[in-house]
Amino acid sequence: MSSCMDLNAFPDEEAREKIQAEEKAKVFKCGGDKDKPPDHLVFLIHGIGDQIRQSDPLPQRVKRLYAQTLELAEQYPALNAVANTKFVAVEWHSTIHERHSAAHMTSLTLPTIPLIRSLNNGTLGDMLYYFNGSQPILHDVAKKLNDAYHEEVSKGFKGRVHFVAHSMGGVISFDLLQQTYFTRLAESARRGREEAATAAGAAGAGAGGAGAAAAATAAAAPGSAAAAPGGSEGAGGSKKGAGRKVGRI
């Protein structure tokens, strides 16, 4: 039922290729029913530090989270609706460290207490990288999220999307969603201004046409200054024309 990949459980070549593709893309998926689209798509964004080369790597944690979700769904029938949930973990730490070589970091690192400084470079350094140029990281995470989402949509996904983020991942998620919101808000405001300007232009053109028509009607109407015999004089505006009836039908 699950789409999780495990070398021990699936030792065939196809499974290995899928695992290698996930590792290369830095996007790890687990859960869902292989026979139908998931009802819930949960994006996981991790915190600082290397999430792959450690004793409890990110793919294993994603599998464990999915297993716990199934256990809860079995234990509590009311949660059965969440059984068909797919987890998608996005790895962003490597994006930072691929842009900044280890040799460059070493050249900037003091030689004292190397273990602590190495730990700082690999974990706390993530925050320094992010707050001194977050756009490459946001772009990388957004692309991975969009690719994963559109892949599920192409398979018929129409469910709900959720974000679960930890530590620095929460900051990335907030910045990403905030920028997306304000980008859409600005775009909506721009379209509103354009539509208002178009409507005003159309209204102005209509008013101009109506004004021209009114002027033409007034010019042709009996009793108007233009149509009256003798011009303004015929309208009784002069002594010479006083008492003369004008504009009779």
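This section describes helix α2, the loop residue H46, two residues with positive phi and the second largest pocket in a predicted model.

Helix α2 comprises 18 residues, 58-75. From its first C-alpha to its last the helix reaches 26 Å, close to the 26 Å expected at 1.5 Å a residue. Its buried residues are L58, V62, Y66, T69 and A73. These residues cover an arc of only 85 degrees around the axis, and therefore lie on the same side of α2. The other side of the helix carries the exposed residues E71, E74 and Q75. The cover over the buried residues of α2 includes three strands, namely β1 (27-31), β2 (40-45) and β3 (85-90).

The loop that leads from β2 to α2 contains H46. This histidine has a relative accessibility of 6% and so counts as buried, the cut-off for that class being under 20%. When neighbours within four places in sequence are left aside, the contacts of H46 are Q51, L58, V90, E91, W92, H93, H166, M168 and G169. Two of these contacts recur in the description of other elements: L58 is one of the buried residues of α2, and V90 falls in β3 (85-90), one of the strands that cover the buried residues of that helix.

Positive phi values occur at two residues that are not glycine. For I113, phi is about 35 degrees; this residue is placed in the loop between α4 (102-108) and α5 (114-122). For S167, phi is near 55 degrees, and the residue sits in the loop between β4 (160-165) and α8 (168-220). With a relative accessibility of 46%, S167 counts as partly exposed, because that class lies between the 20% limit for buried and the 50% limit for exposed residues.

The two elements that flank the loop of S167, β4 and α8, also take part in the second largest pocket, where α7 (135-154), β4 and α8 each supply at least two residues of the lining. The space in this pocket amounts to about 430 Å³. Its lining consists of 15 residues, and A142, N146, L176, L177 and T180 are those that lie nearest the centre. The most is given by α7, which contributes 7 residues to the lining. By class, the lining is made up of 9 nonpolar, 5 polar and 1 charged residues.

Notes. Residues numbered from 1 in each chain as written. Predicted model: local features only at pLDDT ≥ 70, side-chain atom pairs only at ≥ 80, totals over all residues. Heavy atoms only, no water. Helix = DSSP H or I, 4+ residues; strand = E, 2+ residues; numbered from the N terminus. Expected span 1.5 Å × (residues − 1). Buried < 20%, exposed > 50% of the residue type's maximum accessible area, 1.4 Å probe, protein only. Arc of directions from axis to C-beta. Contact = heavy atoms within 4.5 Å. 1 Å grid on protein atoms, 1.4 Å probe; cavity = no way out; pocket = protein on both sides within 12 Å on 5 of 7 lines; lining within 4 Å. Points joined across faces, edges and corners; volume = space filled by probe spheres on them. Nonpolar A, V, L, I, M, F, W, Y, C, P; charged D, E, K, R; others polar.
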